[in-house]
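Please open the model in your viewer and keep the sequence panel beside it. The tour below moves from one selection to the next and says what is found at each stop.

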Amino acid sequence: MEQINPNHLGRANFKARTVKEIIKPAKSISNQVSVKAALDEMQARAIDSSPVIDQRGELLGTLSKNKMNRNVGGLGHDPKTEPIEAHIEKNNAYCFEDQTIAEAEQMMLNAKLREVFVITRKKLLVGTINIEAIAQEKRWRKRLAPPKSRA
């Protein structure tokens with residue numbers, strides 16, 4: 001990872017700041033729980049979807065409350081015994097914690113996403129980053145930038 005070097009005013013070089021500096025923690029659901037346990041957890045947190053991790057903390061995908069309700073309830077499966085494995089959406093966008101904020105922003109803009117998971121290079125979930133946090137970081141960087149000279 002590139003070290004952040006101070007500029008001539010002693011401030012950090014913000015272009016080199018990494019995603020891990022502005023992530024927010026993500027609460028996840030274990031892949032070992034039943035559909036009912038996952039739905040109860042999501043209800044308690046007032047969320048419609050959640051990342052799913054294995055026992056190591058590796059990101060496996062996302063669970064959707066609506067999808068589970070439709071698939072399990074609609075097919076007559078028992079949510080107390082139905083494992084969540086079959087209901088995990090595996091094609092999720094993510095970025096790495098050591099990527100620059102600018103790289104993450106460009107990836108999110110290209111994919112038209114407002115939020116993505118942040119993982120280590122070993123695919124362990126560390127949090128999420130959203131476009132609002134990146135915009136806030138840019139505003140903060142702009143306020144701390146040295147004034148432009150009128151030469």
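**First stop: two helices in contact**

Begin by selecting I101, A104, E105, M108 and L109 in α3, which meet I131, I134, E137 and K138 in α4, where contact means heavy atoms within 4.5 Å. Helices (H or I, at least four residues) and strands (E, at least two) are DSSP runs, numbered from the N terminus. This is a predicted model, in which local features need pLDDT of at least 70 and side-chain atom pairs count only at pLDDT 80 or more, while totals for chains, interfaces and linings use all residues. Residues are numbered from 1 along each chain as its sequence is written, and side-chain values use heavy atoms, with hydrogens and water left out.

Two packed helices are described by the angle between their axes and the distance between the axes. Here α3 and α4 pack at an angle of about 135°, with their axes 10 Å apart; axes are lines fitted to C-alpha atoms, for helices over the stretch in contact, and angles run from 0 to 180 degrees between N-to-C directions. The two helices α3 and α4 are therefore oblique to each other, given that angles under 35 degrees count as roughly parallel, over 145 as roughly antiparallel, 65 to 115 as roughly perpendicular and the rest as oblique.

**Second stop: the buried side of α3**

Now select helix α3 alone, residues 101-111, and colour I101, A104, E105 and M108, which are its buried residues; buried means under 20% relative accessible area, exposed over 50%, and partly exposed in between (1.4 Å probe, protein chains only). These residues cover an arc of only 100° around the axis, which puts them on the same side of α3, the arc being that of the directions from the helix axis to the C-beta atoms. Show the partners as well, since the buried residues of α3 pack against β4 (94-96), β5 (115-119), β6 (125-130) and α4 (131-144).

Which residues does E105 touch, not counting residues up to four places away in sequence? They are I131, I134 and K138, and E105 itself, at 17% relative accessibility, counts as buried. Just after α3, look at K112, which takes a positive phi of about 55°.

**Third stop: the sheet of β4, β5 and β6**

Select these strands together to see an open sheet of three strands in the order β4-β5-β6, with mixed pairing; two strands pair if DSSP finds at least two bridges between them. Strands β4 and β6 stand at the edges, each with a single partner strand, so one side of each is left without a neighbour in the sheet. The twist averages 35° from one strand to the next. Between β4 and β5, which run parallel, there are three bridges, and the bridge partner of Y94 is F117 in β5.

**Fourth stop: the sheet of β1, β2 and β3**

Move on to another open sheet of three strands, ordered β1-β2-β3 and with mixed pairing. At its edges stand β1 (29-30) and β3 (59-64), each with a single partner strand, so one side of each is left without a neighbour in the sheet. Strand β2 (residues 49-53) pairs with β1 in the parallel sense over two bridges, and S30 stands opposite I53 in β2. On the other pairing, five bridges join β2 to β3, which run antiparallel, and I53 stands opposite L59 in β3. The hairpin of β2 and β3 has five residues between the strands, and in this hairpin G57 takes a positive phi near 100°.

**Fifth stop: L124**

Select L124, which lies in the loop between β5 and β6 and, at 25% relative accessibility, counts as partly exposed. Its contacts, not counting residues up to four places away in sequence, are R56, G57, E58, V118 and I119. The C-alpha atoms of L124 and I53 are separated by 8.2 Å, although the two residues are 71 residues apart along the chain.

**Last stop: helix α1 and the whole chain**

In helix α1 (residues 35-45), select V35, A38, L39 and M42, the buried residues, which cover an arc of only 95° around the axis and are thereby put on the same side of α1. Just after α1, A46 takes a positive phi of about 55°.

Finally, display everything: the protein chain has four helices and six strands, following the pattern β-α-β-β-α-β-α-β-β-α along the sequence. Of its 151 residues, 34% count as buried.
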